[in-house]
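Dear colleague,

Please find the structure and its sequence below. My notes on what was found in it follow directly after.

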Amino acid sequence: MPSPEPALRFGVHSGQQYERYDEILALWRRAEELGYDWCSVFDHLRPPMGGPDSPCFEGTTLLSALTARTDRIRGALMVAPVAWRHPAMLAALAATVDHVSAGRVEIGIGVGGADLAHEQYGFDLPGRAERLAMLEETAAILRGLWSGERFSFTGEHFRITDGYLRPAPVQPRLPLVVGGASTPVLRVVARHGDVWNSLLTDPDRYRRRVAQLDHECERAGRDRAEIRLSMTFRALLVDDPAELPGKLDRLRATFPPDSPVWPEYLVFGTPEQCVEALLPYRALGVSDFVLGVRPPVDRDSVTLFAERVIPRLRPASVPA
């Protein structure tokens, strides 16, 4: 018998480039009211988007504060660069937030990339091959320490000797999100991940990536149905198409012309157009759709997505 399709989840990737904590708290609470399943922040210290002096809260402490002041919505860190901190520190951090949130946290890891903290703060950035090796070791250590049992590990980059993490996470299996799309990253997803997250790409390329993940799961002896497929994208939504030119002009004014954010936009249009654009990804197995936003937050898009896109997609998750 084929495995049942996972229920769809919808989230808001809020980031943390805000001037005030109450701005982002209000967004998370609004997402909860609208019925979203989760919200997430990232793990940049000085993100490249917005310029060298743009505001940016620290992600892990912010995640703890936000989950403490929401009731239902899950909170995620997407994703922690493995070169930022020792995996034992990340394991303890995650377990602590899991207790603060009463078991509502998900933790993402990735190889990392562009961050102005390397230039401004002098943080080292190991080569990509080294970071890929660190990704594999970090995933193994997180799994081992989150078990609550004595755990030892000896790798090229990290070592754990009879290590304990107490208290263990509230969740028996704290969800591990692995972000990225290269074959080495998909190999880590297949061995350790609960959720694979990637940014928007065209359906044909996404299909090839899913096929590669299937292959890596087969090699690892893992049932691919155990892994949720998560995609982060942006959308500018309007109720009336006549509103679109003005809103698009205002959006363009918030980004430089060469901003890396533009390829992340799935659609500029109505909620119905957004549904049609997402259906091919649903057919390819995406179960977690994550709407990316940043200040100034387009609250109309957040609301329209919740009220007119999510209801059109959710029925597809119910087996006939």
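Where in the chain does Pro296 lie? Pro296 is found in the loop between β11 and α10 (299-313), where helices (H or I, at least four residues) and strands (E, at least two) are DSSP runs, numbered from the N terminus. The peptide bond that leads from Pro295 to Pro296 is cis, with omega near -5°.

The model is a predicted one, in which local features need pLDDT of at least 70 and side-chain atom pairs count only at pLDDT 80 or more, while totals for chains, interfaces and linings use all residues. Residues are numbered from 1 along each chain as its sequence is written, and side-chain values use heavy atoms, with hydrogens and water left out.

The record. An unreviewed UniProt entry annotates residues 13-253 as "domain: Luciferase-like"; UniProt positions are given in the numbering used here, feature names are shortened, and annotations may be inferred rather than shown by experiment. Helix makes up 41% of residues 13-253 and strand 20%, and the end C-alpha atoms of the span lie 21 Å apart.

Pockets. A pocket here is an open set of points on a 1 Å grid over the protein atoms alone, where a 1.4 Å probe fits, with protein on both sides within 12 Å along at least five of seven lines; lining residues have an atom within 4 Å of a point. The largest pocket has a volume of about 1,100 Å³, a volume being the space filled by probe spheres set on the points, which are joined across faces, edges and corners. Its lining comprises 46 residues, and those nearest the centre are His44, Met78, Val79, Leu199 and Glu264. Met78 and Val79 are themselves joined by a cis peptide bond, with omega about -15°, and Val79 lies in strand β3. At least two lining residues come from each of β3 (74-81), α5, β8 (195-199) and β9 (228-237).

The second largest pocket holds about 310 Å³ of space. Of its 18 lining residues, Leu236, Leu251, Pro296, Val297 and Asp298 are the closest to the centre, so the cis-bonded Pro296 is among them. β9, α8 (244-252) and β11 each supply at least two residues of this lining.

Helices. Helix α5 (residues 128-146) has 19 residues and should span 27 Å at 1.5 Å a residue (the expected span is 1.5 Å times one less than the number of residues); its end C-alpha atoms are 26 Å apart, which agrees. Of these 19 residues, 14 are buried, where buried means under 20% relative accessible area, exposed over 50%, and partly exposed in between (1.4 Å probe, protein chains only). Gly148, with a positive phi near 80°, follows α5.

Helix α2 (residues 59-68) is largely enclosed by the rest of the structure, because seven of its ten residues are buried. Its cover includes α1 (21-34), β2 (38-41), β3, α3 (87-100) and β4 (105-110).

Individual residues. Gly292, in strand β11 (residues 286-292), counts as buried at 7% relative accessibility. Beyond its neighbours within four places in sequence, Gly292 is in contact (heavy atoms within 4.5 Å) with His13, Phe233 and Arg234. Ala102, in the loop between α3 and β4, has a positive phi near 60° and is exposed at 63% relative accessibility. Asp162, in strand β6 (residues 159-163), also has a positive phi, about 45°, and is partly exposed at 42%.

Yours sincerely
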